[in-house]
Amino acid sequence: MDFKYLKEYLGWLYYQYLLITGIYVLEPWEQSIFNSVFFSSVAMVIYTSYAFVPVHVRLALNSLVQALLCH
Amino acid sequence: MEATVFLGTFNDADIFWYPSPDLCLYYNHVSEVFGQFLRPHDLVIALTCTVNCGTLYRQVPESFENPPMYVAVMTYLGFGIVTLFGYFRDFLRAVGLEKCHIAREREEQKDFVPLYQDFENFYTRNLYMRVRDNWNRPICSLPGPVFDVMERVSPDYNWTFSLTGKTIDDVINMGSYNYLGFAENDGDFLKTVADRTQQYGLGVCSTRQEMGNLAIHEELEQLVATFLGVESSMIFGMGFATNSMNIPALVGKGCLILSDELNHTSLILGARLSGATIWVFKHNNMQSLERLLREAVCSGQPRTHRPWRKVLIMVEGIYSMEGSVVRLPDIVALKKKYKAYLYLDEAHSIGAVGPTGRGVTELFGLDPSDIDVMMGTFTKSFGAAGGYIAGKKELVDYLRSHSHSAVYASAMSPPVTEQILRAMKCIMGLDGTTVGKVHQLAENTRYFRSRLQEMGFIIYGNDDSPVVPILLYMPGKVVAFSRAMLKRKIGVVVVGFPATPITEARARFCLSAAHTKAMLDQVLFDLNELGDDLCLKFSRRKYSPRPQQHNNNDDTDFELDS
């Protein structure tokens, strides 16, 4: 029962995404191109932030602390 | 600064009155109930009074609310993405991977000077063509309060259409300029029109100046002059041509035209054809107009500094894209102070506003002789075609011989003339029927606008105007809105760039006296559902649900104790 409402809600969210980005007016193959480019870039951003942001933050904090300690 | 008088509160805004010899203007103080800082442009209440009479003419508030910032960002984002895909498709067409549907020169002519400007059509080719099933829909019945739309399908994404043969019946018509409901085909009402057709035939076969001046034309001109309260009037066969062909007869080189930013194309075309200098002032902005008038009086013509031969202020009664009403009392005061002439185009407001349908002059309680040239069309409220120019007898007699339309254009056809006569007599109450069409239209307008504001849509314009633009902003939503409304059997007109600014695409509803409350309720119900479905309710103002306002034609809320 919940799945049906969830599916409907997800469908409505996808519709909003189509309307807001303006993709709604494009032909289906153009929509597929845009979706693939957009979602792959979103996936890359998520992977990069997961893989590298903690490391970078830790290194930055270390160098900041060292700089403060030296002075 | 002279002493100000606090008059009271109207719609949660405080109203002050600043007395001054010939012009009293004041601006409201916005109260906290709106919950956000509004620029003075957003909500302005201006009242004018003349020192002699001492009564205030209440001007209904106009609002042009701004949406939240994310809406503008998303609109630009949508246009940007579609533009990118437009470049991509143009590239495919240039390379040859895709068939090109647009006009191209022949192979032999490729070396000539190009005939078709490809870049200028970029927007048409790449955005309009994708979604053009929302415009030019063929109608196969009378454009009354309900009509029948023919169904179309397109196999190649709107480059070509084919009719399926089926019709969508009883679509509620919210797009026709049928303000008083005179678009009807009932045989009883149209009896006089049929009689005149029998008497005069259909075509006039001549211009007014040659053999086309029929007695029925003179009768209509008399009636129009009586209706408006002026000395004399002249009618023309086409509304657009009334503006574009008569302004060149009135002004010429060495004259100055001060034209509102949002004037109709016919006014702009007439102004350009005349050869006069055109200065544009901001929409309904009296400071901008006053500044331009002062500049005109002080510096005169551009290089020679001679005084201008004539200064003509061109405004419209109701602006059809915004639904705003002109600030006529202020303009009349300004014109008297700076000795300019006023040209008022009442295409949408004649018959539709004012307690008895006489237009914006009656709405503000002004003397019709204050306005030098009153122009209007019969297309909207009278269910016919054509236009008129009215004013002093000398002006109209001059136009009879000098107007291009009078000399070269075919005269108005007799059945059309009789339809206008019939409609005008009905509005004036001369034919004995007490049809309260103007009241019905005012009721419908008030009801529709107040319900839409309660629901949370952003509506532009004056609360009295029967033209209601609902702002949709994003190009995707504009298209989805039009298609979804047709699926629910409501026909609406949506307008986008370039007719409106790029971020302000809208759906324009034209109310009619022929709409029953049931139809309006149906439309409001569907609008509510679609508003939630498409997320169109951007308004940040809180309106408490009020009981339906009753007619308040003549009573003013404030009286000066003088």
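How many salt bridges does the rule find across the interface of chain B and chain A? There are three, a salt bridge being a side-chain nitrogen of Lys or Arg within 4 Å of a carboxyl oxygen of Asp or Glu.

A word on the model: it is predicted, so local features need pLDDT of at least 70 and side-chain atom pairs count only at pLDDT 80 or more, while totals for chains, interfaces and linings use all residues. Residues are numbered from 1 along each chain as its sequence is written, and side-chain values use heavy atoms, leaving out hydrogens and water.

**Where the chains meet**

One of the salt bridges joins B:Arg130 to A:Glu30, with the closest N and O atoms 2.8 Å apart. On the chain B side, helices H1 (69-95), H14 (475-487) and H15 (517-534) each give two or more residues; H1(B) gives the most, with nine residues.

| Interface of chain B and chain A | Value |
|---|---|
| Residues of chain B in contact (heavy atoms within 4.5 Å) | 23 residues |
| Residues of chain A in contact | 17 residues |
| Side of chain B, nonpolar | 15 residues |
| Side of chain B, polar | two residues |
| Side of chain B, charged | six residues |

The area buried between the two chains is about 1,800 Å², meaning accessible area (1.4 Å probe) lost on being put together, summed over both. Carbon and sulfur atoms give 70% of that area.

**A look at B:Ser403**

B:Ser403 sits in the loop between helix H10 (393-402) and helix H11 (404-408) of chain B. B:Ser403 is buried (under 20% relative accessible area), at 0%. Beyond its neighbours within four places in sequence, B:Ser403 is in contact with B:Phe236, B:Met245, B:Asn246 and B:Ala249.

Terms used. Chains lettered and ligands numbered in written order. Helix = DSSP H or I, 4+ residues; strand = E, 2+ residues; numbered from the N terminus. Buried < 20%, exposed > 50% of the residue type's maximum accessible area, 1.4 Å probe, protein only. Nonpolar A, V, L, I, M, F, W, Y, C, P; charged D, E, K, R; others polar.
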